[in-house]
Amino acid sequence: MRLAHLWDQSRCIGCGACIAACNAANYRSTTKDNPTWGGVQTNIKRIVFDLKEKPYILLVQCQHCENAPCVAVCPTGASYIDRDGLVKINPDLCIGCKYCMTACPYGMRWLDPDFGLPEKCMGETCQSRVKAGLMPVCVTVCPAGARAFGDLDDPNSEVNKRLKKGRVVRLLEYKGTRPKFFVVVGR
């Protein structure tokens, strides 16, 4: 099993529902700042490219890499790849050294100011939902159907169906991390 996320940039309307839902589900709708990225505490980062002729956004989150640098540098084994293929953190083993934050080429870990430990996609609520056979909240709330989640090893998964239909990129693929976060950039 290799669970993966897909974000269809061509369908996204930039409403921020996925970001708000992540904050509500995984961080109890806290209004505290995310001290690493700025903005609210969430596992999805909105990057706005304010180009004069054609501004656009990029929504980025943990890439759940198959060759995850954050896992390779973790001195305690707190960062690991689970049997479902998702990169996770065991907070009981984490010593807050922040090596994982430094190693992630996507900058997709942020530091919880209250506990001094890194956070990332997926939060506990989303992990519970996936374990129960449900979709992560970001996928569930998207009004444009811009998000998908599923098993790359299942040819009938929604992720695989959409990968076959669209023009897809993986971010910083040249880094050799083998990210499992796919961005649909066109048809």
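This is a short chat about one strand and two pockets in a predicted model.

Reader: Strand E1, residues 3-8: mostly covered or not?
Author: Mostly covered; six of its six residues are buried.

Reader: Which residues sit on which side of E1?
Author: Leu3, His5 and Trp7 are on one side, and Ala4, Leu6 and Asp8 are on the other. Both faces are covered.

Reader: Why the every-other-residue split?
Author: Because side chains in a regular strand alternate between the two faces of the sheet.

Reader: What does E1 pair with in the parallel sense?
Author: Strand E10, residues 181-186, over four bridges. Asp8 stands opposite Val184 there.

Reader: And which strand runs antiparallel to E1?
Author: Strand E8, residues 147-151, joined to E1 by five bridges. In that pairing Trp7 stands opposite Arg147.

Reader: Switching to pockets. What volume has the largest one?
Author: About 690 Å³. It is lined by 25 residues, and the closest to its centre are Asn26, Tyr27, Asp112, Glu119 and Glu124.

Reader: Which elements give two or more residues to that lining?
Author: Helices H1 (17-27) and H4 (124-131), plus strands E5 (87-89) and E7 (118-119).

Reader: How does the lining divide by class?
Author: Into 11 nonpolar, six polar and eight charged residues.

Reader: What about the second largest pocket?
Author: Its volume is about 300 Å³. Of its 14 lining residues, Asp84, Lys88, Gln127, Val130 and Lys131 are the closest to the centre.

Reader: Where does the largest share of that lining come from?
Author: From H4, with three residues. E8 also supplies at least two. By class, the lining has seven nonpolar, three polar and four charged residues.

Technical notes. Residues are numbered from 1 along each chain as its sequence is written. This is a predicted model: local features need pLDDT of at least 70, side-chain atom pairs count only at pLDDT 80 or more; totals for chains, interfaces and linings use all residues. Side-chain values use heavy atoms; hydrogens and water are left out. Buried means under 20% relative accessible area, exposed over 50%, partly exposed in between (1.4 Å probe, protein chains only). Two strands pair if DSSP finds at least two bridges between them. On a 1 Å grid over the protein atoms alone, a cavity is a set of points where a 1.4 Å probe fits but cannot get out, and a pocket is an open set with protein on both sides within 12 Å along at least five of seven lines; lining residues have an atom within 4 Å of a point. Grid points are joined across faces, edges and corners, and a volume is the space filled by probe spheres set on the points. Ala, Val, Leu, Ile, Met, Phe, Trp, Tyr, Cys and Pro count as nonpolar, Asp, Glu, Lys and Arg as charged, and the others, Gly among them, as polar.
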